[in-house]
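I opened this notebook to record what I looked up in one structure, entry by entry. The entries follow the order in which I went through the elements.

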Amino acid sequence: MAYSEYKMWLQDNGRAPPVVNSKIEERILNHWDNIDGSVERGYSGRSLFFSDGNICYDTARIRDYARLLASIGINRVCCNNVNVTERSARMITEKLLPDVAKLAAVFREFGIRFIIAVDFTSPRLLGGLTTYDPLDETVTDWWKKAADDVYKHIPDLAGFLVKADSEFRDGPAALGRTQADGANSIARALKPHGGKVYWRCFVYNCVQDWRDKKTDRPKAAYDHFFPLDGFFDDNVILQIKHGPSDYQVREPNSPLLGAMKHTNQAIELQVTQEYTGQQIDLYALAVQWEEIFSAPISDTRTMRDLMGREVTAIAAVANTGLDMNWTGHTLAQANLYSFGRLACDPSLTARAVLSEWIYLTFSNNPKLHEPLLEMMLKSRSVYEKYTTPLGLCWMVNINHHYGPSPEGYEFMKWGTYHRANREAIGVDRTEKGTGYTAQYHPYLNKLYSDKETCPEELLLYFHRLPYDYRLKCGKTLLQYMYDSHFEGYDEVEGFIKTWDSLKPFLPEYAYSSVAERLQQQLKNASEWRDVVNTYFYRLTNVADANGRVIYE
C-alpha cells in the first residue's frame with residue numbers, strides 16, 4: 001500500500017489498515033530503553049524515545065518508526081525498559097503522563113497500542129505506602145487509582161508489563177505471595193479499562209551457589225508457574241521466554257509453553273542480539289525462530305500448533321536505536337522484519353522471509369539475491385560453530401556477553417554452568433540428574449533423556465558426556481569441538497568473499513558498513529576459535545587430529 005493510500009485509509013477509518021490473516025492477536029515489541037537515553041542490550045545507538053531523564057524524541061523519526069513497525073504487523077509497543085528504574089517508574093505519574101500520551105498518539109495513528117513497563121513496588125516507590133503487598137487493600141486501591149489516571153491520558157493503553165521477583169527486582173514472593181497474587185492485583189485495576197498485565201516468567205534463583213548441583217536454572221519458570229495454572233485472571237498474559245535459559249544460541253523450547261491449559265500465554269523472543277553477536281556478527285534470527293516454531297511439544301504437535309491458540313501473543317526485545325540504519329548492522333534489519341512477519345504468520349519459513357527482505361531492501365537481481373540469501377541462511381549455524389555448539393551455552397564474557405570466556409560464568413551466582421573438567425562436560429538434566437527433562441511431555445522426556453535419541457545439536461544441554469564420546473558422524477565429542485571452531489572461522493572468511501562479490505549491486509553505505517562489521521566478526525571468530533580450542537586442549541591434553549594450530 002502506497003503511503004498516500006495509507007493516509008487516506010487513516011482519514012476514512014481513523015485507524016491503520018489491519019494486518020491480513022494474522023494468526024496471533026497481539027504482536028508486541030518490548031524496548032529496553034532507559035529514561036537517561038541508554039538502551040540495555042542495545043547495539044544500535046541511543047534511545048529513540050528518551051534523553052537525559054526526559055521523554056525526548058524526533059517526531060518525524062518516531063512517525064517513520066511507527067509506520068515501519070505497522071508495515072510488518074507490530075500492533076503493541078512498550079517503549080521503556082522492563083528493568084524499570086526509579087525515574088522511568090514515574091511514567092505513570094501526572095508529571096510524565098502528558099508526554100507519554102503524546103508519544104502514544106503517534107503510534108496510535110498506525111494502529112499500534114502502547115504498553116508501559118511498571119515497577120511492582122510502585123505503591124511504595126511512588127505512592128508513599130509502607131507496603132506493596134498485592135493482598136493489602138491500600139495497595140489494590142493505589143493500583144486502581146493509578147490505572148484510572150493513566151487511562152485518562154491514554155484511553156487505549158494495552159496494559160502494563162511487569163518483571164517481578166527476578167534478578168534482584170522485588171515481587172510478590174518477597175512478601176510470601178504467589179505470582180498469581182501479584183499479577184491479579186494489577187490486572188483487576190486495569191480490567192475496567194480493557195487493559196492487560198503482561199507478566200514475565202523470567203523468575204529464577206540468581207544467587208545460586210555453584211557448588212549446588214541440585215538447583216537447575218532451566219527448571220525455574222515451570223516450577224514457579226505451572227502449579228498456578230488456572231489461578232491467573234483472564235486479563236493476565238504470562239510472557240514466557242522461548243527457551244528455559246536466556247536467549248542462547250541453542251536451547252530447547254521452554255516446557256512451560258503450552259503446558260498451562262487455563263492461563264493466557266505469550267512467547268518471548270529476542271530480536272536484539274545479546275548472545276548472538278550483538279549486531280556485529282551476522283546472525284539471521286529467522287532461522288532460529290523457524291526451528292523454535294517447528295520444534296515438537298509432544299509426539300503429535302509442534303510449537304507452531306500452539307500459536308494463535310494456547311499462545312495468543314508474541315513478544316520480542318527490540319533491536320532498534322538512533323543509528324542511521326536503525327539497527328547498527330544493516331543486515332540486522334532483517335531480524336526486525338522477520339519478527340514482524342513470523343509474528344503474523346509462524347508458518348512462514350526463514351528462506352521465504354529473508355528472501356522478501358532482500359528483495360524489498362536491495363533488489364531481486366539474482367546475482368545479489370541468491371548469494372546474499374544463502375549467506376544469511378547459513379549465518380546462524382556459522383555463529384554456532386565458532387561459539388558454543390551442541391547446546392553448550394554460557395561461555396561468554398560476564399556482564400556484556402560478547403566474546404569468549406569458557407569459565408566466565410562457571411563459578412558465578414547466575415546458575416549458568418557447564419561443569420567442564422578433564423574428563424567430561426555438560427549437565428545431566430535427565431531424571432537421573434537434575435530431573436529437568438521430566439517437565440516435558442512424556443514423549444519429549446523420553447527423547448531428550450536418551451543420549452542416543454536426543455537431537456545432537458542439544459546433546460550437551462541435556463547430558464554430561466566424556467570427550468571421547470562418539471557422535472553419529474563418527475567423531476569424538478572433542479574432535480567435533482575442534483572442527484566446529486575451525487570451520488566457523490573459515491566460513492566467516494567465506495562471508496567476506498561473498499559480500500565483496502556483491503559490491504557492484506549494493507549502495508555504497510550498505511556495502512562499506514557491512515564489510516566493516518564482517519571484518520570485526522572475523523576477529524571475533526578467531527578469538528572464539530583459539531580461546532575455546534585452547535581451553536579444551538589444556539583440559540584434556542588431546543591434540544587436534546588434523547594437526548592445526550591450537551595454543552598451549
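**Entry 1. Strands around β10.** I am working from a predicted model, and I began with the pair β1 and β10, which run parallel and are joined by five bridges. Within that pairing I noted that Ile-28 stands opposite Ala-315 in β10. I then turned to strand β9, residues 264-270, and found six bridges joining it to β10, again in the parallel sense. Here the residue that stands opposite Ala-315 is Glu-268, so I wrote down Ala-315 of β10 as facing both Ile-28 and Glu-268. How much of strand β10 is buried? I found six of the seven residues of β10, which spans residues 311-317, to be buried, and therefore I describe the strand as largely enclosed by the rest of the structure.

**Entry 2. The barrel.** I next followed the pairing onward from β1, residues 26-30, which is joined to β4, residues 76-78, by three bridges, with the two strands parallel. I looked up the partner of Asn-30 and found that its bridge leads to Cys-78 in β4. In what order do the strands close into a barrel? I traced eight of them, with parallel pairing, in the order β1-β4-β5-β6-β7-β8-β9-β10. From one strand to the next I noted an average twist of 25°.

**Entry 3. Strand β7 and the helices on the sheet.** I checked β6 against β7 and counted them as running parallel, with four bridges between them, and I recorded Tyr-198 in β7 as the bridge partner of Leu-161. Four of the five residues of β7 are buried, so I note this strand too as largely enclosed by the rest of the structure. For the helices, I found α4, residues 97-108, lying across β4 and β5 (113-118), with its direction at about 140° to β5. Helix α7, residues 179-190, packs on the sheet and touches β6 (159-162), β7 (196-200) and β8 (236-241), and I noted about 155° between its direction and that of β7.

**Entry 4. Cysteines.** How many disulfides are there? The count I arrived at is zero. For Cys-79 I looked up the closest cysteine sulfur, which belongs to Cys-78 and lies 6.2 Å away, and because a disulfide requires the two sulfur atoms to be within 2.5 Å, that is too far for a bond. I also recorded Cys-79 as buried, at 0% relative accessibility. For Cys-201, which is in no disulfide, the nearest cysteine sulfur is that of Cys-78, at 16 Å, and Cys-201 is likewise buried, with a relative accessible area of 3%.

**Entry 5. Helices α9 and α13.** I took up the packing of helix α9, residues 285-294, on helix α13, residues 366-386, where the axes are 7 Å apart and the angle is about 70°. That angle falls in the range from 65 to 115 degrees, and so I entered α9 as roughly perpendicular to α13. Which residues meet across this contact? I listed Val-287, Gln-288 and Glu-291 from α9, and Met-376, Leu-377 and Arg-380 from α13. I sorted the residues of the contact into three nonpolar, one polar and two charged.

**Entry 6. Two residues with positive phi.** I made a note beforehand that most residues other than glycine have a negative phi. Asp-165 has a positive phi, near 55°, although it is not glycine; I located it in the loop between β6 and α7, and found it buried, with a relative accessible area of 14%. Trp-394, also not a glycine, has a positive phi of about 50°; I placed it in the loop between α13 and β11 (424-425), and its relative accessible area of 8% makes it buried.

**Entry 7. Ala-543.** Last, I looked at Ala-543, which is found in the segment after α17 (508-540). Is it buried or exposed? With a relative accessible area of 51%, I entered Ala-543 as exposed. Leaving aside residues up to four places away in sequence, I found that Ala-543 touches Gln-479, Tyr-482 and Tyr-537. Of these I followed up Tyr-482, which is 61 residues from Ala-543 in sequence but 9.3 Å from it in space, C-alpha to C-alpha.

Terms used: Residues are numbered from 1 along each chain as its sequence is written. This is a predicted model: local features need pLDDT of at least 70, side-chain atom pairs count only at pLDDT 80 or more; totals for chains, interfaces and linings use all residues. Side-chain values use heavy atoms; hydrogens and water are left out. Two strands pair if DSSP finds at least two bridges between them. Axes are lines fitted to C-alpha atoms, for helices over the stretch in contact, and angles run from 0 to 180 degrees between N-to-C directions. Contact means heavy atoms within 4.5 Å. Buried means under 20% relative accessible area, exposed over 50%, partly exposed in between (1.4 Å probe, protein chains only). Angles under 35 degrees count as roughly parallel, over 145 as roughly antiparallel, 65 to 115 as roughly perpendicular and the rest as oblique. Ala, Val, Leu, Ile, Met, Phe, Trp, Tyr, Cys and Pro count as nonpolar, Asp, Glu, Lys and Arg as charged, and the others, Gly among them, as polar.
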